[in-house]
Amino acid sequence: MKTRRKRHYLDISEGTNIVFNIFLVILSILAVIPFIFVVIISFSDETSIVSKGYSFVPERWSTYAYEYILENGSDILHSYGISLIVTVIGTLIGLALIATYAYVISRPTYPYRKFFTVLALIPMLFSGGLVGNYLVVARLLDLKDSIWALVLPLAMSPFYVFVLKSFYRTSIPDAIIESARIDGASELRTFLSIVLPISKAGLATIGLFLTLGYWNDWYNAMLYIDEQALIPIQYMLIRIENNINFLAQLGSQQGIASEVTRNLPSETVRMAIVVLTVAPIACVYPFFQKYFVGGLTLGAVKE
Amino acid sequence: MGKKILSLILVALLCVSLFAGCGNTEKSDDAQKDEQKEVATEDKDNSSADDEEAVELIYYTIGTPPADLEMVTEELSEMTMEKINAKVNLKFIDWGDYGSKITAIINSGEEYDLAFAAGPDQGDYLGNSKKGAFEPLDDLLEEYGQGILEAVNPGFWEGVKIDGKIYGIPTNKEIATPQWWMYPKELVDKYDIDIDSIKTLEDLEPWLEKLSKEEPEWQLMELDQESHFHPGYEYIIDDSVPAVASLNDDSLKVKNLYEEESTIEILNTLRKYYKAGYINQDAAIKPPAGLVEGEKVFWAQAQGGPYSDIIWSKNRGYTIVASQVEDAYVTTESTRGSIVCVSSNSKHKEKAVEFLNLVNTDADIRNTLGYGVEGVHYEVVDGKAKFLDASSNYDVPNYSLGNRLIMYPTVEDPDDLWEEYERFNEDSVESPMLGFTPDLDPIKNEIAAITNVTKEFRPALMTGSVDVEENLEKFNEKLKEAGLDKVIETLQSQLDDWKANK
Amino acid sequence: MWKRFKKNFGLTAIAIPGFIWFILFSYLPLIGIVIAFKDYKISGGFFESLISSEWIGFDNFKFMFATNDAKIMVRNTLLYNVFFIAINIVVPLFIAIMISELLNKRGAKAYQTMIFFPYFLSWVVVSYFVWAFLSPDRGLVNRLFESLGMEGVSWYSEKKYWPFFLTFFNTWKNLGYNIVIYLAAIVGIDKTYYEAASLDGASKWQQIKHVTLPQLRSLIAVLFLMAIGKVFNSDFGLFYQVPRNSGALFPVTQTVDTYVYRTFRVIGDIGMSSAAAALQSIVGLVFILVANYVIRKIDRESALF
């Protein structure tokens with residue numbers, strides 16, 4: 001309560017707050033409707049979708065889609081496991097690589113800053129493409145059918161490096177680093193004990209992006225994984241989408257089309273898989289969020 | 001406290017990632033060495049031919065990977081070990097991913113022995129053959145593949161030749177894929193419709209008129225983005241490039257499909273039907289999705305062969321009757337729908353061909369490949385395959401894996417299934433262009449542009465969704481701009497040369 | 001020089017793991033770009049093939065400039081990106097500030113989470129959703145129009161609406177992601193600046209103008225530069241899946257990526273698709289160099305290099 005009055009002059013007015021809230025409520029609704037829609041379809045009866053199309057209020061409800069997945073579901077549980085492992089390991093490795101690299105190029109006094117900056121910038125523009133990447137990951141590094149093929153290629157991205165670098169620039173006063181140096185602390189020590197703790201918001205953001213990136217990745221699985229036991233959950237979903245796309249290219253070649261559709265789950269099942277891929281990651285979200293929304297209270301700095 | 005732990009973790013990870021990096025490079029070096037060693041020993045083995053070591057053939061094919069793949073490849077390898085002293089490592093790549101993944105594998109020079117190939121997004125038989133990715137097989141077939149040469153219909157061999165050479169083994173199945181029009185038996189019986197008398201869109205009109213009044217819950221005609229009509233003409237490159245030649249005469253004159261009288265007539269008819277409400281309103285933006293179960297559709301078209309109506313009925317969930325609306329022509333397209341190729345990088349080309357020889361001639365091996373392990377996935381009842389419960393764990397496409405005609409028919413198939421196939425293939429007529437493969441290199445850029453123009457205009461025109469006169473004129477204008485004339489000219493001169501040397 | 005290296009060795013060592021990653025996973029694969037300039041034929045392994053293939057200069061690039069349609073696709077790609085970049089930098093910035101200023105922190109969290117949701121859905125799923133609204137006969141919008149006695153619109157063949165639709169979907173899908181970046185930066189701003197400002201009697205709006213925005217300057221510059229490097233790329237799903245590949249909309253939906261995709265379906269030429277990617281990179285490089293130069297003139301600190 002004590003801080004309340006003190007903070008008051010730093011806050012927006014009650015009226016503005018209400019206006020902001022109304023605006024954000026509308027925005028939030030616009031954002032979640034499609035997801036709710038997906039959830040509703042996943043609980044709809046398949047035949048009513050065929051005859052009537054999508055609807056927010058289906059004629060008949062059904063849990064068939066989820067039952068179907070549970071029945072054929074040992075794969076799905078397994079894929080969850082793979083996704084989880086890849087996401088956790090990848091996020092940690094990625095954070096370590098990005099946090100260090102970005103720190104180095106954020107130091108204004110570091111003489112090789114420009115070299116390392118340009119080194120990170122070029123990959124943002126140029127990529128080896130399908131063949132180049134496959135050549136290195138599958139052939140040179142021999143990571144085919146290995147979990148590292150899902151982890152390593154996504155560990156860093158120039159974009160994250162530069163975003164984190166600019167976070168460092170805003171949140172770390174050069175004076176602190178200088179004084180640590182004068183105190184005789186090693187660079188690594190300064191980085192670990194001073195830089196990391198005050199960059200939590202930035203690290204949480206990059207951590208969140210990495211987590212999302214790993215969770216949503218399917219491309220590496222598509223290219224490098226033949227072993228069915230190593231397939232992440234997202235690829236299960238995308239594979240279905242790719243097959244539908246393939247089907248759309250076939251035109252009137254019904255012979256092949258019926259071969260493709262034979263293994264294609266129904267629309268409600270597809271939507272149920274969407275729900276099942278999004279739900280876990282949505283649950284993890286608040287864990288990261290507390291670092292960049294929770295810390296917003298201005299009074300917090302006064303403790 | 002938490003900070004310390006966090007920093008410890010970070011440091012640990014740094015080390016791990018560093019070592020992991022080094023470890024990997026070392027590992028790959030070793031692997032490469034091993035590979036080289038292997039190569040060396042193998043070369044030796046080949047030279048001392050008689051006492052050869054068993055090889056493992058890596059075989060990429062299209063389709064959703066089945067759960068029991070390992071079990072089946074083991075069974076299969078046992079059989080092939082006995083016969084040709086080789087194992088097979090069969091790898092399925094899912095439909096929608098096959099194109100990208102096989103492109104990466106082929107172009108990065110990865111070693112494999114066999115791969116499925118068809119159109120550009122399914123292994124690109126034409127492009128990859130020309131690029132040198134697939135081995136020309138004529139000599140190898142002569143030596144190791146006599147059985148295949150005999151088993152596969154000669155029309156296929158004519159069709160898969162590129163510049164006179166065979167780059168892959170076509171699947172022996174229906175050799176032509178003419179258009180069929182399909183109708184629900186229920187309505188055909190109820191109104192006593194003589195479907196065999198309906199050969200053109202105009203023939204449909206009285207029925208459409210009648211049914212639109214009496215059967216309002218049926219969608220009368222179902223068309224989609226990829227629907228198109230070209231009776232009597234064959235596309236020389238792809239349906240996205242409207243350079244066609246007539247199938248009915250030997251003139252081999254290349255024309256623009258959209259300047260032909262018959263096409264304009266078709267477009268006008270479609271427009272009339274669309275306006276009358278016979279065609280689904282969303283046709284121009286409807287992606288083809290196969291035959292959706294339970295959808296009530298009076299008329300739909302499909303390419304097919306003998307007894308295709310059985311499959312269509314299964315897809316629809318109600319009985320379908322179908323009639324073939326054009327003659328069955330053996331075309332380059334119809335013969336290149338499913339080919340198995342040998343990699344030019346393969347170390348075991350002879351074995352690969354021997355293996356293909358088995359697949360195409362040995363019924364046991366072919367049945368195992370297509371249906372799974374006997375007694376587990378299927379059983380044989382009166383010479384027909386009856387699927388067991390576990391068959392859903394090995395559900396693979398059959399058109400892509402080799403000679404269909406030596407397989408057991410399934411219990412749902414009619415007794416004379418393969419006789420009917422033989423008869424159908426026998427009766428099919430060779431297209432005057434069969435065996436001609438255009439050289440696309442000089443017209444690649446034009447094809448790119450034309451493809452995009454076709455995708456822009458054709459769906460709307462071929463579903464009657466837009467006014468014909470105005471849009472057709474625009475379409476043709478843009479086709480010309482994109483270089484259709486050059487394409488036609490080039491194809492014409494290539495065709496003339498080919499004909500002269502035939 | 002050696003002395004300088006030794007003196008900075010501590011920092012350099014910290015960057016080494018990242019450096020190794022870039023070499024392995026970004027630089028080694030770049031060999032693949034060579035394919036764009038070759039008539040790539042296969043003879044033996046990759047390097048053998050690459051060496052023995054013939055150089056053909058920029059021949060593989062020509063297909064992207066073959067017709068008038070090329071102009072349309074270049075125009076579309078660039079124009080959409082200009083709008084997207086501007087919107088994706090400005091709109092999330094305002095909303096992030098709005099969220100950071102909310103008095104009810106629990107609300108802030110809830111809104112922020114919900115706004116993130118579209119990012120989780122793939123474009124294919126979004127396209128189903130859009131279809132439910134805009135389908136010509138069964139779409140919710142047209143049914144609504146009918147019940148109001150108005151005539152339905154065939155949305156997928158009326159190109160005039162789509163630039164607006166596509167911009168809207170793009171903003172909507174990426175909003176949450178961009179907001180997170182800004183929020184994290186806002187949290188990182190040293191709070192003493194605000195206190196000093198408020199002691200000087202600055203109003204909330206003045207604080208935002210004189211503290212928040214200037215502090216975010218370098219981040220905005222980074223986001224801008226990153227986006228401008230991708231100015232010749234487009235989000236394939238947005239331009240292909242969402243408009244359902246509708247031909248009538250090509251004049252406003254054809255971009256470099258959709259053009260290449262459609263071409264590749266007929267001629268599966270790896271050289272041509274490599275060339276397209278290389279061209280996108282080169283255009284991005286030029287834009288980024290120019291943009292960085294301009295930024296450096298305005299504000300040295302914010303420039304990337």
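Contact means heavy atoms within 4.5 Å. This is a predicted model, in which local features need pLDDT of at least 70 and side-chain atom pairs count only at pLDDT 80 or more, while totals for chains, interfaces and linings use all residues. Residues are numbered from 1 along each chain as its sequence is written, chains are lettered from A in the order in which they are written, and side-chain values use heavy atoms, with hydrogens and water left out.

**Exercise 1. Describe chain B by its contacts, burial and secondary structure.**

Step 1. Take contacts in chain B between residues at least 6 apart in sequence: 76% of them join residues at least 24 apart.

Step 2. Of the 502 residues in chain B, 60% are buried (under 20% relative accessible area, with a 1.4 Å probe and protein chains only).

Step 3. Chain B has 18 helices and 18 strands (DSSP runs, H or I of at least four residues for helices and E of at least two for strands, numbered from the N terminus).

**Exercise 2. Determine whether B:P459 is buried or exposed, and list what it touches.**

Step 1. B:P459 lies in helix α16 of chain B.

Step 2. Its relative accessibility is 7%, so B:P459 counts as buried.

Step 3. Leaving out residues up to four places away in sequence, B:P459 touches B:Q225, B:A284 and B:T454.

Step 4. B:V297 is 162 residues from B:P459 in sequence, and their C-alpha atoms are 20 Å apart.

**Exercise 3. Characterise the packing of α16(A) against α5(C).**

Step 1. Helix α16 of chain A (residues 267-292) and helix α5 of chain C (residues 105-116) pack at about 125°, their axes 11 Å apart. Axes are lines fitted to C-alpha atoms over the stretch in contact, and angles run from 0 to 180 degrees between N-to-C directions.

Step 2. That angle makes α16(A) oblique to α5(C), because oblique covers whatever is not under 35 degrees, over 145 or 65 to 115.

Step 3. On the chain A side, A:Y285, A:Q289, A:K290 and A:F292 meet C:K109, C:Q112, C:T113 and C:F116 of α5(C). These contact residues divide into 3 nonpolar, 3 polar and 2 charged (Ala, Val, Leu, Ile, Met, Phe, Trp, Tyr, Cys and Pro are nonpolar, Asp, Glu, Lys and Arg charged, the others polar).

**Exercise 4. State which residues of α13(C) are buried and what covers them.**

Step 1. In helix α13 of chain C (residues 256-264), the buried residues are C:V256, C:T258, C:Y259, C:V260, C:R262 and C:T263.

Step 2. Their cover includes α16 (444-461) of chain B, together with α4 (68-101), α11 (236-241), α12 (250-253) and α14 (270-298) of chain C.

Key:
Buried < 20%, exposed > 50% of the residue type's maximum accessible area, 1.4 Å probe, protein only.
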